[in-house]
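Reader: I'm new to this one and I'd like to know what stands behind the labels people put on it. Could you walk me through it?

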Amino acid sequence: MGATKWIAGVLGFMTMGPLGGLAAFALGYAFEKFNQADGDARATTAAGRAEGQRNSFMFSMLVLASYVIKADGRVMHSEMETVRRFLRDNFGPAAQTQGEQILLRLFEQRKQMDARDPDAFRRTIRECAGQMSDNLSQEARLQLIEFLIEIARADGTVSPDEVAALHEVAVYLRIQVSEVDSMLNLGGQGGLDDDYRVLEVSPTATDDEVRAAYRRLALKHHPDKVASLGEDVRRAAERKFQEINAAKERIYKARGIK
């Protein structure tokens, strides 16, 4: 997959609204490398529509990442290296190259907007997240949050400012804050307490309540729910699904649930 084809070319819902405004700034350089007539033709096919939805999803992820990364008011070299590694590991070398360029342009756009109005970019993020909510399934929005968490904690810790930003973005995306806290505990080393938080139940829950919580989460986070967004997104969802299953297995073993 070529670098520009990772996210540009055929577009979906981000051609309109506040996301369209950011895309015009952040992706304008990439559009010049495409034959627009070819892009318009592909957009009328089922494959083209799927590509447009996927590209909109990927750009949405970078928009939200630009907000979470700067939650503490700065961008560290280690944070950018984390994003490069995240993009490369999840979506390949081409994604690393273009994704980094897009993210840097979004940082520049934020700088320009906030110079005029310190709250301008936050309002734009809120409006963009509303647009995402109107056009993405709950499962896709949960996957966006999972990607943001993975980026935030890749350096080994998630700061209070980053947690607050993640909670804020979740509210904008119409995702419950408890979902964020559950995902923050995925892969945790805190023992059964973390596992219960992953399943969003108390250690005092009954076996039936634990089973019901697991079934609800397994259905909500099943990789097939985001398959339309591309194989790379589905593979990332599979890792999360495996962690949910691992938490369930540890709880079931501790309780003697068959």
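Reader: Let's start with the basics. How many helices and how many strands make up the secondary structure of the protein?

Author: First, keep in mind that this is a predicted model. Its secondary structure comes to 13 helices and zero strands. Read from the N terminus, the elements go α-α-α-α-α-α-α-α-α-α-α-α-α.

Reader: What share of the protein counts as buried?

Author: Of its 258 residues, 50% count as buried. As for contacts with a separation of 6 or more, 73% are between residues 24 or more positions apart.

Reader: Why is Leu27 called buried?

Author: The cut-off for buried is under 20% relative accessible area. Leu27 has a relative accessible area of 0%, so it is buried. Leu27 sits in the loop between α1 (17-26) and α2 (28-31). Its C-alpha is 8.5 Å from that of Arg105, although the two are 78 residues apart in sequence.

Reader: And what makes Arg174 exposed?

Author: Exposed means over 50%. Arg174 has 51% relative accessibility, so it counts as exposed. You'll find Arg174 in the loop between α9 and α10 (177-184). It has a positive phi of about 65° although it is not a glycine.

Reader: Why does Glu200 count as partly exposed?

Author: Partly exposed is what lies between the cut-offs of 20% and 50%. Glu200 comes in at 25% relative accessibility, so partly exposed is the label for it. Glu200 belongs to the loop between α11 (192-199) and α12 (207-220). Its phi is near 60°, a positive value in a residue other than glycine.

Reader: On to the empty spaces. How much space lies in the largest pocket, and which residues are closest to its centre?

Author: About 170 Å³ of space lies in the largest pocket. It is lined by 13 residues, and the closest to its centre are Tyr67, Ala71, Arg110, Arg122 and Glu168. The elements giving two or more residues to that lining are α6 (93-116), α7 (120-135) and α9 (160-172). The largest share, four residues, comes from α9.

Reader: How does the lining of the largest pocket divide by class?

Author: There are six nonpolar, no polar and seven charged residues in that lining.

Reader: Glu168 came up by the pocket. How do you know whether it is buried or exposed?

Author: Set its value against the cut-off: buried needs under 20%. Glu168 has a relative accessible area of 17%, so it is buried. Glu168 lies in helix α9. Leaving aside neighbours within four places in sequence, Glu168 is in contact with Tyr67 and Arg122.

Reader: What else is buried in α9, and how does its reach fit the expected span?

Author: Besides Glu168, the buried residues in α9 are Glu162, Ala165, Leu166, Val169, Ala170 and Tyr172. With 13 residues, α9 reaches 18 Å from its first C-alpha to its last, close to the 18 Å expected at 1.5 Å a residue. Just after α9 comes Arg174 with its positive phi of about 65°.

Reader: What makes a space a cavity here, and how many are there of 30 Å³ or more?

Author: A cavity is a set of points where a 1.4 Å probe fits but cannot get out. By this rule the count is three cavities of 30 Å³ or more. The largest cavity holds about 90 Å³ of space. Its lining includes Ala65, Val68, Glu79, Leu148, Asp155 and Glu162. At least two lining residues each come from α4, α5 (77-91) and α8 (138-153). By class, the lining of the largest cavity has seven nonpolar, one polar and three charged residues.

Reader: Last one. Which residues touch the most other members of the largest nonpolar core?

Author: They are Phe57, Phe59, Phe91, Met132, Ile145 and Leu199, out of 76 residues in that core. Helix α4 (residues 46-69) supplies the largest share of this core, eleven residues. In soluble globular proteins, nonpolar side chains tend to be buried together.

Reader: What is Met132 in contact with, if its neighbours within four places in sequence are left aside?

Author: Met132 is then in contact with Phe13, Leu19, Ser60, Val63, Leu64, Arg141, Leu144 and Leu173.

How values were computed: Residues numbered from 1 in each chain as written. Predicted model: local features only at pLDDT ≥ 70, side-chain atom pairs only at ≥ 80, totals over all residues. Heavy atoms only, no water. 1 Å grid on protein atoms, 1.4 Å probe; cavity = no way out; pocket = protein on both sides within 12 Å on 5 of 7 lines; lining within 4 Å. Points joined across faces, edges and corners; volume = space filled by probe spheres on them. Nonpolar A, V, L, I, M, F, W, Y, C, P; charged D, E, K, R; others polar. Core = buried A, V, L, I, M, F, W, Y, C linked by side-chain atoms within 4.5 Å. Buried < 20%, exposed > 50% of the residue type's maximum accessible area, 1.4 Å probe, protein only. Contact = heavy atoms within 4.5 Å. Expected span 1.5 Å × (residues − 1).
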